[in-house]
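Student: Please take a close look at how the strands are arranged in this model. Explain the terms as you go, and then follow the neighbouring topics.

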Amino acid sequence: MLLVIAIALIAIIAGGGLGLALHKLQNARTLRLAREEANEILGEAKEAVELRQLEEKERVQEIEMEMWTKIEAEMLKTEGRIEDLQEVANEKKSKADSLVQEEKKKLQEREAEVKVQEQALKSQEAELNKVKEVQKSLNKDFVEKLTAKLNTSAEEFKTQLKTMMEDEAQRRAARLAQEHEEDVKEHAETRAKKILGLIIDRFARPYCAERGIGAVNFPDNHVRKLFCDPAGENIKTVQETCGCDIIVEEGLDMVGVAGFDPVRRELTRRTLERIFKEKKSITPDFIRKIAENQKKELTKNIKHDGDSLAKELKLEGLHPEIRQMMGSLRYRYSFTQNQYFHCGEVGWLAGLLASELGIDIKKARRVGMLHDIGKSMDHVMEGGHAVIGADFIAARNEAPDVVHAVKAHHFDEQPSTDHAFVVIAADAISGARPGARRSTIESYNQKVSELQDIARSFQGVTDCFVLSGGRECRVMVNGKKIDDTHALDLSKKIAARIEEECNYPGQIKVVVVRETIVTEQTRKELA
């Protein structure tokens, strides 16, 4: 049994090996046939490629021949043109070479001429030196003979001659200066009028017609009753919060606002107008809240106005506090003229004057704008607004000449620069324009009468004159009754009396004038 199984296994193994060998033979034959077929295909492909390349080469040659046939005529023409241009270029080159040779020849000739002239110049210099030596010896002999004849030395004679020439030059300069001064005096007024006419014609800034803070009126009796509470707490709160006095009189629908600070007056006016829009109830807490809101808005407006004016006049480098003070002038009035717009006008007018006179225009505008900045502070500081403003801008690093022009525009300091006189003229033009300033005749006459009555009430006063729109009180005294010591004491007493009895903003100058006139006649006996 085992033998049968072994024989069967051997038979199976032998059959598998034979089958494997036959399979390998079959695969080898198949691979050989495939390689032969692939070689045939590659050979055919190479033949096809070579044939294709040959056809393409023939096609390219045909195209080249065809293109050459088309452009052959043009190429021939181009070659002929190139030959012609080459001939022209060669001709120009030969001409240029000849010109260069000619210029070189001329230059050589010129150099030869220069050398000849140099030799001649040297010989002339030698002759001139000889002449100078001869002249020098002659001058020496002349000086010796002249000094011997005048019996003086050469140095003393030079000194005398120098003195004579200096005296003559001084006399001539004095005569020319006098003639120039006379000419200036003769034509200065005409030229000044011409310049003023030109700048007024060139000034195109809009005119400001504002005339001060308007009255605050009650809208109706109901609002009046709400505001005027029996205890007066609302009025008292407004006065404490805004810093101005409130005046409410029976029979009048208007609320009076009194105070020297123009910004506080504006704050009070805005606060009252906002309060009067309330229809339900008005309480002190409500008033304080409204006043605080209005104060913030007013501060913002002041800053905007100051920046706008500086931007309008194209001024740079202004201190923020200076801009703030300029903005606060928006609510300051002088003889009913708004000072904010007045400063803008003076800035423009000063710039126009500077352009006509040929001086610094930007500095003139700067001085013109800043000249009345002191009016925003003269209600809290003693002194004239020119001095106050000059000190204020000086502390904020403004240039010394700008400070001087601001201080001198009302002659608190003697003006000494062109810009100082320019701002004086521009200020006068702005204030003197028709309709720019006015004051009620009643208030002005009352102020003048009060000042005159106070001054004339003192012993020894002969007369009193009110000048500068009420800013100066000039008192004339009897020189026999009032001596210099008493005049000084009298001015202090009059000033103190005015402070006690008069209500006014700013400052009033008291000037006591004491005059002594002595006369005597000569006697001549008749022969």
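Tutor: In one open sheet, three strands follow the order β1-β3-β2, with antiparallel pairing. The model is predicted: local features need pLDDT of at least 70 and side-chain atom pairs pLDDT 80 or more, while totals for chains, interfaces and linings use all residues. Residues are numbered from 1 along each chain as its sequence is written, and side-chain values use heavy atoms, with hydrogens and water left out.

Strands (E, at least two residues) and helices (H or I, at least four) are DSSP runs, numbered from the N terminus. Two strands pair if DSSP finds at least two bridges between them. In general, strands of a sheet pair through backbone hydrogen bonds, either parallel or antiparallel.

At the edges of this sheet are β1 (216–217) and β2 (245–248), each pairing on one side only. Two bridges connect β1 with β3 (residues 254–258) in the antiparallel sense. V216 is found opposite V255 in β3.

Just after β1 comes a loop that leads to α3 (221–227), and F218 lies in it. The structure holds four aromatic pairs. One of them joins F218 and F276, with 4.8 Å centre to centre and 40° between the planes, so it counts as tilted (ring centres of Phe, Tyr or Trp, its six-membered ring, within 6.5 Å; planes under 30 degrees apart are stacked, over 60 edge-to-face, the rest tilted). This pair links distant parts of the chain, since F276 belongs to helix α5 (residues 262–276) and the two residues are 58 residues apart.

A further open sheet also has three strands, in the order β6-β7-β8, but here the pairing is mixed. Its edges are β6 (461–467) and β8 (509–515); each has a single partner strand, so one side of each lacks a neighbour in the sheet. From one strand to the next, the twist averages 20°. The parallel strands β7 (residues 472–478) and β8 are joined by seven bridges, and C473 stands opposite V510 in β8.

Helix α14 (residues 484–501) lies across β6, β7 and β8 (contact means heavy atoms within 4.5 Å). The helix runs at about 150° to β8. Such angles run from 0 to 180 degrees between N-to-C directions, and axes are lines fitted to C-alpha atoms, for helices over the stretch in contact.
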